[in-house]
Every structure is written in C-alpha cells, then in structure tokens.
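Colleague: Could you take me closely through the surroundings of the ligand, and say what kinds of residues stand around it by class?

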Amino acid sequence: MAAKYLFSSCTKQLQQQQFRYFSQTQSLNRIENVMIIGSGLMGSGVAQSCATSGRFNSITLQDVSQEQLDKARKRIHQSLAKLKEQKRINIDDAEAVTNRITFNTQIKPVDDKNLLIIEAIPELMEAKQKLFKDLCEQFKSNDSIGKHVTCKERYGGLHFFNPVPLMKLVEIVRTENGTNDKTFEDLQQFVKDIEKVGVASKDTPGFIVNRLLVPYMQEAVRMLERGDATASDIDTAMKLGAGYPMGPFELMDFVGLDTNQFIVDAWQKRNDPNLTIYRSKTIDEMVKRGELGRKTGKGFYDYSQKK
Ligand SMILES: NC(=O)c1ccc[n+]([C@@H]2O[C@H](COP(=O)([O-])OP(=O)(O)OC[C@H]3O[C@@H](n4cnc5c(N)ncnc54)[C@H](O)[C@@H]3O)[C@@H](O)[C@H]2O)c1
C-alpha cells in the first residue's frame, strides 16, 4: 500500500505561507502514525497527548537538537508521572507511555503508513517554509495522481494550547483554497483520537481564541495605563466577576510578554481595518527590560521568590 501523508502546522498564522507540494487525492483513512517536528513546549506536549491516547502505531518526535530531545523526554516522563499521581490520566506506567515515543534528530518516521506530520518549530516564517518544502520533497506521494495536484490539499492547521497535555481545545484550521474536506475530516478524527475537542476556524489572524483574547489583554493594559484600576484589582475582577481562571495580567505573564508583543506586531503590520489592535508602551518597555513574565521571574507580578 502506498504511504499517504498529511501535513499540519502548529503555527499561529498560516496565511503568509506558500506551499508547493505534490500530493494525491485519495483518502487517507485513519491516521496511524504521527511525526512531530520540534520538541519544545508545544511539540513535546503534542507527542505526550498522542502517547497517552495509546491509539497510534508509532510516534516520532524530531528535533535538530539532541539536547532539546533529552529535555523533552524528561519533561514528558515527569508530566505523565505527575498526571498519573493526580489521577488525571488513566495509564499504568509513565515510563512505558514515554517509550511509545521515538526521539530522533533525523526526519525519519518509525512507520510512514497513513502518517500525519505536525510542525512545531519556532515562529520563524522562513524556517517553517523551508521545512515544509523539504518535507514535501521527502514525503511526496509515489502515486502518479500526485503529479497533478499540489500538497496544499493535504495541509491544514492544528492550533494547540499550552500546556498541551491539559488543554482540551484544538482549533482546526482550513486554509483558503487549500485543505480539502477529506484532510479536514482526518484532522478532526485525529483530534478526537487524542481525546481533545476540535473547533473549526478559517485561517484568520488569531483564529478564534487569540482573536478575542489578545484585544482583551491589550484593553486591560490600557485600563492600567489610564490608572482606572490596579493590575491586581483588574485580575480579581475578571476572575470573580467573569469566572475566568486567570486575570488578564496573570495570563500575559503566563504566555510571555514577548509573545504578546510578537502577535501585536504581526497584526499591526497587516494594516487590516478589521483588525485594530492597541500597541502598549508599557509592554514595549517591559520587554526591553527583559520583564517577560513567569519565564524571566518578573512581568506584571514578581515570581522571583516562587521557585
Ligand atoms: N508556546 C505557546 O504557548 C504556543 C501556543 C500555541 C502555538 N505555539 C506555536 O507552536 C510553535 C512551537 O512553539 P514552542 O513554544 O513549542 O517553541 P519552543 O521554542 O519551545 O520549541 C521549538 C523547538 O523546535 C526546535 N527546532 C527549531 N528549528 C527546527 C527545525 N528546523 N527542525 C526541527 N526542530 C527545530 C528547537 O530546537 C526547539 O526544541 C510556534 O509556531 C509557536 O508559535 C506556541
């Protein structure tokens, strides 16, 4: 049986990417093997969710850095052991579940039958484009139909949320004039297979969640800058008044202020009248000072004593 390949990107925005692939129009059937490229925060979380589900013949986690792969293995094992102890997942042995993942510095899936390839490398457009170009060359279909269609049909977006093993939502993104129905259905089934909930979104900035969350966070900063209320009072208000698990400032510290700034920059550059977004001097200055939130020990709150 000819191997069939399906590609997905873990990126925040798919639109500017130009992909040229060979493909085939046949249906993929159920995804049996997964390869994740990039073993950082998101990639390792996706690999962990796939391993926990126990539904795949093989899971390959690839990274250019062996050090990152070693860190990913350790992180996945620790997370599985903790979730098992808290009875949040039903597994017998964290080590056995971790061993379902093959860690590799080469782009070499254990098995390439009905393979889904998920890209989770840093948000650098050129690196992502090059990766997909290389993938397409390496995984082109050996079916002759493949010569006549482009790989865009087999390409869609899966937007996971951090921390992946705990967050149930995945936005499944259909690219314009790209993702075909069969690919979209296969991605929906994959999301169910890893016991998450999928929602469909067009390929628009921020998809659903960030399109609402980012302006909300920027508006909170504007309130702070005007002196309407303190960060702590705004957080308390949104937690107790709107039932949010975190207030906007806690959330920004969790996500990282550099990430927040990256999204705002990208949206502003689009010059889209439907996408007005406030650019905050406060955040620019904090990023310049290296106050990026939890990861640097200081953001809107101080975390230096909390480790
Ligand atoms: N962090 C989040 O909260 C979050 C949420 C949703 C989506 N995302 C998106 O997911 C993607 C990954 O983010 P992350 O936070 O996991 O990043 P990360 O920096 O934690 O990990 C990226 C990994 O990719 C590896 N890498 C870099 N270039 C590579 C290449 N060419 N081939 C293979 N591996 C390569 C790096 O060594 C690193 O281990 C980004 O596009 C990001 O925007 C992140």
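**The shell around the ligand**

Modeller: By class, the shell around the ligand is made up of nine nonpolar, eight polar and four charged residues, where Ala, Val, Leu, Ile, Met, Phe, Trp, Tyr, Cys and Pro count as nonpolar, Asp, Glu, Lys and Arg as charged, and the others, Gly among them, as polar. Please keep in mind that this is a predicted model, in which local features need pLDDT of at least 70 and side-chain atom pairs count only at pLDDT 80 or more, while totals for chains, interfaces and linings use all residues. Residues are numbered from 1 along each chain as its sequence is written, and side-chain values use heavy atoms, with hydrogens and water left out.

There are 21 residues around the ligand, and those that come nearest are Met42, Asp63, Gln68, Glu123 and Lys128; a residue is counted as near if one of its heavy atoms lies within 4 Å of the molecule. For Met42 it is the backbone that approaches, with an N or O atom 2.8 Å from an oxygen atom of the ligand, whereas for Asp63 an N or O atom of the side chain is 2.6 Å from a ligand oxygen atom. Asn162 also takes part through its side chain, a polar atom of which lies 3.5 Å from an oxygen atom of the ligand. Taken alone, the ligand exposes 840 Å², and the protein buries 76% of that area, as computed by the Shrake-Rupley method with a 1.4 Å probe. Two or more residues of the shell are given by each of the elements α1 (41-53) and β6 (155-160); helices (H or I, at least four residues) and strands (E, at least two) are DSSP runs, numbered from the N terminus.

Apart from the ligand shell, the structure holds two cavities of 30 Å³ or more, a cavity being a set of points, on a 1 Å grid over the protein atoms alone, where a 1.4 Å probe fits but cannot get out. The second largest cavity has a volume of about 40 Å³, a volume being the space filled by probe spheres set on the points, which are joined across faces, edges and corners. Its lining, whose residues have an atom within 4 Å of a point, consists of Gln218, Asn260, Gln261, Val264, Arg279, Ser280, Ile283 and Asp284. Here α9 (257-269) and α10 (281-288) are the elements that give two or more residues, and the largest share, three residues, comes from α9.

Definitions and conventions:
A polar contact is a pair of N or O atoms within 3.5 Å; within protein, one must be able to donate a hydrogen and the other to accept it, and residues adjacent in sequence count only if both atoms are side-chain atoms. On a 1 Å grid over the protein atoms alone, a cavity is a set of points where a 1.4 Å probe fits but cannot get out, and a pocket is an open set with protein on both sides within 12 Å along at least five of seven lines; lining residues have an atom within 4 Å of a point.
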